[in-house]
Amino acid sequence: MLRNSVTIGQYLPGNSLVHRLDPRTKILGVLGYVVILFLIRDFAGYGMMAVITVLTAAVARLPLKMLVRGLRPVLFIIVLTVTLNAVMTPGELLWSVGPFGVTREGLFQAAIMACRLLLLIITTSMLTLTTAPIDLTDGLEYLMGPFRRIGVPAHELAMMMTIALRFIPTLLDEAERIMKAQMARGADFQSGGFIQRAKNMVPLLVPLFVSAFRRADDLALAMEARCYRGGEGRSRFKILKLGPSDLAAGLVMITGFFAALVV
Amino acid sequence: MNAAGNASLISFRKAGFTYRRGEEIEVPAVKGVDLDIHRGEFLAIVGSNGSGKSTLAKMMNALLVPTEGEVIVDGMPTDEEANVWDIRRTVGMVFQNPGNQLVSTTVEEEVAFGLENLGVPTAEMHGVIDRVLGEIGLATMRRREPHNLSGGQKQRVAIAAVLAMQPECIVMDEATSMLDPAGRRDVLETVRHLCRERNLAVVFITHFMEEAVQADRVVVFHEGAVAVDAEPKTVFGEGLDLDEIGLDVPVVTALSRGLGELGFDVDPTITEMEEFVEAICRLRSRT
C-alpha cells in the first residue's frame, strides 16, 4: 500500500523517557535549544550542544541512521550555505581560485554555520521522531492558548491539524485507488521526463481534489450535526499534565544550555 | 413495539423544503409532509434516489430548516436559532459515508468529540465513553485509528459517538448503503438493540427492503411526499406496487416472484438471501 511507504510526520513509536515526556516540554526544549544555538559563536559551546543532542538521542534510543537520514534532503542547502559563507566573507585571504577567494574569517564563519545547521536539523527532527503528530498538535494548542487574546486562533489551528492528520491515510488510499483506476484505462505514471510525468499526474490530482472537497463537505455536516461550534465553551478529553520527569528534563536542559553559553 | 401511545418526538407539520440556487433555479425536494415520529419507535423510511428522503432526514435535526410549514423536535420548532444545539443533541445523526464523518484520530477521541462540544467536564467524559463503547461492543478498539477499521466498525463508532450525547433519537441517513452485507447486518442489529433496550427512537433511511422489513413502521417516500405509511407487513405483504414508485425490489424477491410466475412453489415475499437459498434447496429435494 502507498501509505506504508510514507511515514507521516516521521514519528518513530517508542516508550523511552523522551517519548513519554509532555509534548510541551519537548517543544519548549527544542525552541530553547534553537535560540541558544544562534546565541553562541564558539566551538566549545557547539560541542556542549552536540553532547546534549547525542545524550537525548541515546536516551530516546533513536538509531543514528534515522538522524542522518533526516539530513539528506537539506544537504544541498547546508553545502550551499557553507560555501557561500566561506567565499563571501571579507578578511585575510588564504587562497583564491579566479575571482573567488577563501578567507580565514570566511572559513570560521562557514564552520559555525555548518555546526548550527547540522545541530538544528538533527535536534528538531528528534522532536518529530519522538512525538506522535497528534500529541504535537495538543501541545501546540496548549502553548498557543495564551496568545488567543491577541487573536491567534489556537483551537481552530489545532482542529485543522487534527483533521489533516486524520485524513492523510484516507486520501493516500484514495490516491492509490484513483491511480489504479486510471492505469486500468491506460494512464502512464512512470515513464517520460520530469515535465511529462508531472503532466501525467493531472488525471490523478483532479479526481483527488474533487473527492477531497466532497469529504470536507460531509465532514463539516457531520461536525455540525454533533454540535461543533468552534472552541468557545468546549471542554477537553485529553488533558496534558506535567510530571516529575518533565521537571527533571527541564532542569537538565537548562543546565545544559547554561553550560553551553558559558564554556 | 411501544410506538403506539407514546408522545410524538419529531413532528412534521406541512413541512416542505425547496433548494434554491440563484433566482431562477428552484428544486422542491420535500413537499407538505405531515409525519410524526414517536419516542422509542423503529421507523424505516424507504424511497428511490432523489425522492427527497435525505433532505427529510436533515430537517429532523435542523441541518435544514423547512422553507414551508414547520418541524418540531421535542416541543422545539427547528426554525428558532436558539433551539438548534438542543435539537441536535436530541436527534443524533449517522451519515452515509463511514469514512467521511469521523473527525478524530482514535475511536475514544471520536466518542469524546461530541462531549467536548457540549462542554462535558473531562472527569465525567471517561465514564460516559467507557459505558458507550462497552454497549456498542467497541471496548477493545478504543485506541484504534479509524482508517484501520472496517466500514461496519466505523459506522458503529459513529453510532457510539452519537449515543454518548444521550439523544432521544438516532437518524441513520442511508448509513448502511456503503457497507458489505456483514457490516449492514451488524449496524442494523446495533440500532435495533438500542431501540429495544434504551427506548431510543430510530429513523432508518434505506433502500434495502430487507432492512425496512425489520422496522415497526415503514414510510415509503416518493417525489418529496409520503406515499405509504404503514406496518411492514402491510407495505410488503399486501402487494403494494413498489415498482411503480421506483423502488428496487430486492433481487431475491424479484427472483422468487419470477419463479412463482413460472409455476414453481416459491414464496414471493422472500427478502433474505438465506431464505431464498433454503427455498431453492427445498425445490431440489422435492424433485
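**Exercise 1. Domains of chain B**

Determine how far apart the C-alpha centres of domain 1 of chain B and domain 2 of chain B lie.

*Solution.* Begin with the bounds: in this predicted model, chain B is divided into domain 1, residues 8-249, and domain 2, residues 250-287. Then take the C-alpha centre of each domain of chain B; the two centres lie 33 Å apart.

**Exercise 2. Overall dimensions**

Explain why chain B is described as being as compact as a globular protein of its length.

*Solution.* First list the secondary structure, which in chain B amounts to 10 helices and 10 strands. Next compare the radius of gyration of chain B, 20 Å, with the 19 Å that the globule rule gives for 287 residues; the two values are close, and therefore the chain is as compact as a globular protein of that length. The extents of the C-alpha trace of chain B can be added, since along its principal axes it spans about 70 × 50 × 40 Å. For burial, count a residue as buried if 20 or more other C-beta atoms lie within 10 Å of its own; buried residues then make up 45% of the 287 residues in chain B. Finally, consider the contacts in chain B between residues at least 6 apart in sequence, of which 66% join residues at least 24 apart.

**Exercise 3. The open sheet**

State in which order the 6 strands of the open sheet of chain B are arranged, and which helix packs on that sheet.

*Solution.* Reading across the sheet, the order is β6-β7-β8-β3-β9-β10 of chain B, with mixed pairing. At the edges stand β6 (91-94) and β10 (225-230) of chain B, each of which pairs on one side only. From one strand to the next, the twist averages 20°. Within the sheet, β7 (169-173) and β8 (201-206) of chain B pair in the parallel sense over 5 bridges, and B:Cys169 has B:Ala201 in β8(B) as its bridge partner. The helix that packs on the sheet is α5 (151-163) of chain B, which touches β6 and β7 of chain B and whose direction makes about 165° with that of β6(B).

**Exercise 4. The contact between the chains**

Work out how many residues each chain gives to the contact, and which helix of chain B supplies the largest share of its side.

*Solution.* The contact takes 30 residues from chain B and 25 residues from chain A. On the side of chain B that touches chain A, α2 (84-90), α3 (107-118) and α4 (122-136) of chain B each supply at least two residues, and the largest share, 7 residues, comes from α3(B). Sorted by class, that side of chain B has 14 nonpolar, 12 polar and 4 charged residues.

Note on methods: Residues numbered from 1 in each chain as written. Chains lettered and ligands numbered in written order. Predicted model: local features only at pLDDT ≥ 70, side-chain atom pairs only at ≥ 80, totals over all residues. Contact = placed C-beta atoms within 7 Å. Helix = DSSP H or I, 4+ residues; strand = E, 2+ residues; numbered from the N terminus. Nonpolar A, V, L, I, M, F, W, Y, C, P; charged D, E, K, R; others polar. Domains from an automatic or database assignment. Rg over C-alpha atoms; globule rule 2.2 N^0.38 Å. Buried ≥ 20, exposed ≤ 12 C-beta atoms within 10 Å, placed from the backbone. Pairing = 2+ DSSP bridges. Axes fitted to C-alpha atoms, helices over the stretch in contact; angles between N-to-C directions.
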